[in-house]
Number of protein chains: 2
Amino acid sequence: MDKPNGAYHHGDLRTALLDEAAAMIAEGGTESVTMRALGERLGVSRAAAYRHFEDKTALLVAVAAAGFRRLNERLQEIGAGAPSSSLERARRMGEEYVRFALENPAHYRLMYGREAMERQNLPELRDAGSALFEQLVNVIRAYQESGGIRQQDPRAQAYVAWSAVHGLASLLIDGQIMSTVDVDALIRQTTQTVLDGMRA
Amino acid sequence: MDKPNGAYHHGDLRTALLDEAAAMIAEGGTESVTMRALGERLGVSRAAAYRHFEDKTALLVAVAAAGFRRLNERLQEIGAGAPSSSLERARRMGEEYVRFALENPAHYRLMYGREAMERQNLPELRDAGSALFEQLVNVIRAYQESGGIRQQDPRAQAYVAWSAVHGLASLLIDGQIMSTVDVDALIRQTTQTVLDGMRA
DNA sequence: TCAGTATGTTAACGATGTCAACATACAGTA
DNA sequence: TACTGTATGTTGACATCGTTAACATACTGA
């Protein structure tokens with residue numbers, strides 16, 4: 001990871017910046033990411049990042065996109081895993097979604113935050129985000145075809161399911177849900193309620 | 001609103017700051033609120049606010065709390081309105097919640113944002129936020145008593161419902177939902193799905 | 001009347017994002 | 001191999017921002 005001793009050039013500063021920024025976000029939240037601190041941690045000057053990203057927002061957006069891709073992979077593993085019922089797959093996917101957010105709260109917040117919103121025209125972020133949604137739609141569609149839920153526009157149903165898990169994740173992350181609550185039970189109840197509500 | 005001509009003292013700078021900050025948030029988002037700009041708009045110096053709020057975050061938290069109270073009032077009007085079924089009241093409350101967020105996107109984001117999270121020990125914010133939740137719980141409880149939904153812990157059910165509307169509101173506000181979607185229909189479908197899922 | 005307090009102002013500081021000018025390494029070509 | 005253009009990194013500087021200290025002014029009650 002470190003650059004060769006005394007080297008002027010880093011080697012692959014771009015990915016090093018992304019990794020280090022992600023690490024800082026995990027440690028101290030997105031607001032702890034400072035161009036100066038970032039450079040210092042990589043043994044590089046404060047302006048070095050500007051050779052690889054247009055500005056700080058572009059860097060953060062790239063980190064957010066990486067987060068979407070990581071979440072995608074995790075959900076994909078469930079979809080490709082042991083061949084269970086489409087109901088079971090939908091349920092586990094929803095639960096896993098919330099768990100990802102709980103494990104990476106600051107990163108998750110960044111993925112849906114202001115910086116990301118301002119740059120939704122950037123293809124990298126758009127693609128990563130819509131890939132996530134398409135995965136959701138596919139699960140819903142499969143569930144529909146198995147006859148479990150109503151034959152409606154699967155995209156609309158996907159939005160409903162996404163709203164529920166994203167809302168729960170956000171409330172949990174932002175400390176809006178009393179700490180005495182059994183989080184696992186709440187996650188299960190939320191996904192269960194939505195799936196019940198979509199039942200044919 | 002304006003201070004008397006040439007007056008050294010403002011009269012009620014504290015509420016003027018809150019109102020003006022809310023106006024700025026509506027116009028240009030929370031990041032457009034700057035102590036300097038705020039003072040300028042009120043014909044007051046940049047540091048004047050510090051006589052009324054410990055720091056900028058405290059000011060923003062107070063604005064956020066006011067937002068919670070405004071939302072509370074709107075939902076309360078529905079609860080106290082024409083005596084309809086408890087199902088109908090729950091449905092309309094959920095829809096109104098999302099509509100409030102759509103009408104005040106930046107303010108809504110502030111209410112659940114980082115600044116607010118850091119100061120959740122502040123009683124003003126805690127009270128305003130939990131009042132909102134209690135209102136939700138009451139609607140759920142009434143619905144339970146009318147026999148419409150399962151007799152479970154109403155707080156857990158309230159969290160589920162809150163997750164759905166908060167999630168939908170957030171996704172819509174953050175531009176995550178394709179603009180071709182019929183928003184009103186999606187709002188109705190979301191609340192409907194959750195209420196169906198809670199049915200006895 | 002006058003002293004104490006509340007409220008507002010001004011000047012300054014450190015931190016931050018960003019840019020321009022400069023320095024260094026690399027890659028391809030003669 | 002020597003050279004030249006480009007990619008990458010550094011340094012110094014600037015504007016903006018939140019915040020504080022020292023000071024100024026108005027209000028309030030004894």
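Reader: Is Arg150(B) buried or exposed, or what does it count as?

Author: Arg150(B) counts as partly exposed, because 13 other C-beta atoms lie within 10 Å. On this scale a residue is buried with 20 or more other C-beta atoms within 10 Å of its own, exposed with 12 or fewer, and partly exposed in between, with C-beta atoms placed from the backbone. This is a predicted model, in which local features need pLDDT of at least 70 and side-chain atom pairs count only at pLDDT 80 or more, while totals for chains, interfaces and linings use all residues. Residues are numbered from 1 along each chain as its sequence is written, and chains are lettered from A and ligands numbered from 1 in the order in which they are written.

Reader: Where is Arg150(B) placed?

Author: Arg150(B) is in the loop between α7 (123-145) and α8 of chain B. Helices here are DSSP runs of H or I with at least four residues, strands are runs of E with at least two, and both are numbered from the N terminus.

Reader: And what does Arg150(B) touch, not counting residues up to four places away in sequence?

Author: With those set aside, Arg150(B) touches Met198(B) and Ala200(B). Contact means that the C-beta atoms of two residues, placed from the backbone, lie within 7 Å. The C-alpha atoms of Arg150(B) and Arg199(B) are 5.9 Å apart, although 49 residues separate them along the chain.

Reader: Other loop. Where does Ser32(B) sit?

Author: Ser32(B) is in the loop between α1 (13-28) and α2 (35-41) of chain B. Ser32(B) is partly exposed, because it has 14 C-beta neighbours inside 10 Å. From its C-alpha atom to that of Ala49(B), 17 residues away along the chain, the separation is 16 Å.

Reader: Now Ser163(B). Buried or exposed?

Author: Buried, because Ser163(B) has 30 C-beta neighbours inside 10 Å. Ser163(B) lies in helix α8 of chain B.

Reader: Which residues is Ser163(B) in contact with, leaving aside neighbours within four places in sequence?

Author: Ala164(A), Gly167(A), Leu168(A), Leu171(A) and Thr190(A).

Reader: Then the interface. How many residues of chain B are in contact with chain A?

Author: 27 residues of chain B are in contact with 27 residues of chain A. On the chain B side, α8 (154-173) and α9 (183-197) each supply at least two residues. The largest share, eleven residues, comes from α8(B).

Reader: What is that side of chain B by class?

Author: The side of chain B that touches chain A has 13 nonpolar, twelve polar and two charged residues. Nonpolar covers Ala, Val, Leu, Ile, Met, Phe, Trp, Tyr, Cys and Pro; charged covers Asp, Glu, Lys and Arg; the others, Gly among them, are polar.

Reader: How do α9(A) and α9(B) pack?

Author: The angle between α9 (residues 183-197) of chain A and α9(B) is about 105°, and their axes are 7 Å apart. The axes are lines fitted to C-alpha atoms, for helices over the stretch in contact, and angles run from 0 to 180 degrees between N-to-C directions. α9(A) and α9(B) are therefore roughly perpendicular to each other. The cut-offs are under 35 degrees for roughly parallel, over 145 for roughly antiparallel, 65 to 115 for roughly perpendicular, and oblique for the rest.

Reader: Which residues meet there?

Author: Thr193(A), Val194(A), Asp196(A) and Gly197(A) in α9(A) meet Thr193(B), Val194(B), Asp196(B) and Gly197(B) in α9(B). That contact has two nonpolar, four polar and two charged residues.

Reader: By what turn can chain B be laid on chain A?

Author: A turn of 180° with a shift of 0.0 Å along the axis lays chain B on chain A at an RMSD of 0.0 Å. Copies are superposed by least squares on the C-alpha atoms of residues with pLDDT of at least 70 in both. That is the relation of a two-fold axis. The same surface serves both copies, as 100% of the contact residues of chain B recur in chain A.

Reader: Back to the single chain. How many helices and strands in chain A?

Author: Chain A has nine helices and zero strands. Its C-alpha trace spans about 65 × 35 × 30 Å along the principal axes. Of the 200 residues in chain A, 38% are buried.

Reader: And which residues have the most contacts inside the largest nonpolar core?

Author: Val63(A), Ala64(A), Ala21(B), Val63(B) and Ala64(B), in a core of 111 residues. A nonpolar core is a set of buried Ala, Val, Leu, Ile, Met, Phe, Trp, Tyr and Cys residues joined through C-beta atoms within 7 Å. Beyond its neighbours within four places in sequence, Ala64(A) is in contact with Leu110(A), Met111(A), Ala116(A) and Leu125(A).
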